[in-house]
Amino acid sequence: MRIYSAKQILEWENFHFGHSGEEPYDLMTKASTLVANWVDKKLVRDDIDICILCGKGNNGGDGFVV
C-alpha cells in the first residue's frame, strides 16, 4: 500500500478537478461510499462496534459522509 503526503493528494485533487469537471463533493461521496461498503462488509457483519471520529477540515467531511 502506498501512503501519499497531504501535498501529493492536494496536487492530485487539483489536477483531477481541473480536468474532470467533477465537483469535490462528488469525489467525497464516491470515496465515502467505498469506505462505508468496506466497513459494512468487513466489520459490521462481525458484530463489531464502529465509531467514526471526524475532525475539522476535509477529512472531517469524508468521515461525516461515511
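This report describes the helices, buried positions and surface features of a predicted model.

Residues are numbered from 1 along each chain as its sequence is written, and side-chain values use heavy atoms, with hydrogens and water left out. Because the model is predicted, local features need pLDDT of at least 70 and side-chain atom pairs count only at pLDDT 80 or more, while totals for chains, interfaces and linings use all residues.

**Helices α1 and α2**

Helices are DSSP runs of H or I with at least four residues, numbered from the N terminus. The expected span of a helix is 1.5 Å times one less than its number of residues. The table sets this value beside the distance between the end C-alpha atoms.

| Helix | Number of residues | Expected span | End C-alpha distance |
|---|---|---|---|
| α1 (residues 6-20) | 15 residues | 21 Å | 21 Å |
| α2 (residues 24-42) | 19 residues | 27 Å | 27 Å |

The expected and computed values agree for α1, and they agree for α2. Helix α1 is followed by G21, whose phi is positive, near 80 degrees. Within α1 lies G18, which is exposed at a relative accessible area of 62%; here buried means under 20% relative accessible area, exposed over 50%, and partly exposed in between, with a 1.4 Å probe and protein chains only. The C-alpha atoms of G18 and M1 are separated by 26 Å, the two residues being 17 residues apart along the chain.

**The two sides of α2**

The buried residues of α2 are L27, M28, S32 and V39. Seen down the axis of α2, these buried residues fall within an arc of 125 degrees, so they line one face of the helix; the arc is that of the directions from the helix axis to the C-beta atoms. An α-helix has 3.6 residues a turn, so residues three or four places apart point the same way. The buried residues of α2 pack against α1 and α3 (58-65). On the other side of α2, L34 and K41 are exposed.

S32, in helix α2, has a relative accessible area of 3% and is therefore buried. Apart from neighbours within four places in sequence, S32 is in contact (heavy atoms within 4.5 Å) with D62, V65 and V66.

**The α1–α2 loop and the salt bridge**

E22 is found in the loop between α1 and α2 and counts as buried at 14% relative accessibility. With neighbours within four places in sequence left aside, E22 is in contact with H16, F17, L27 and K30. The structure holds one salt bridge, defined as a side-chain nitrogen of Lys or Arg within 4 Å of a carboxyl oxygen of Asp or Glu. K30 forms a salt bridge with E22, and the closest N and O atoms are 2.8 Å apart. The C-alpha atoms of E22 and K42, 20 residues apart along the chain, are separated by 29 Å.

**A nonpolar surface patch**

Y25, F64 and V65 make a nonpolar surface patch of about 360 Å². Patches are made of residues with over 30% relative accessible area and no salt bridge, and nonpolar side chains (Val, Leu, Ile, Met, Phe, Trp, Tyr) are joined within 5 Å. Accessible areas come from the Shrake-Rupley method with a 1.4 Å probe. Y25 belongs to helix α2 and counts as exposed at 52% relative accessibility. V65, another member of the patch, is also among the contacts of S32.

Notes:
Patch = residues over 30% accessible without salt bridge, like charges linked within 9 Å, V, L, I, M, F, W, Y side chains within 5 Å.
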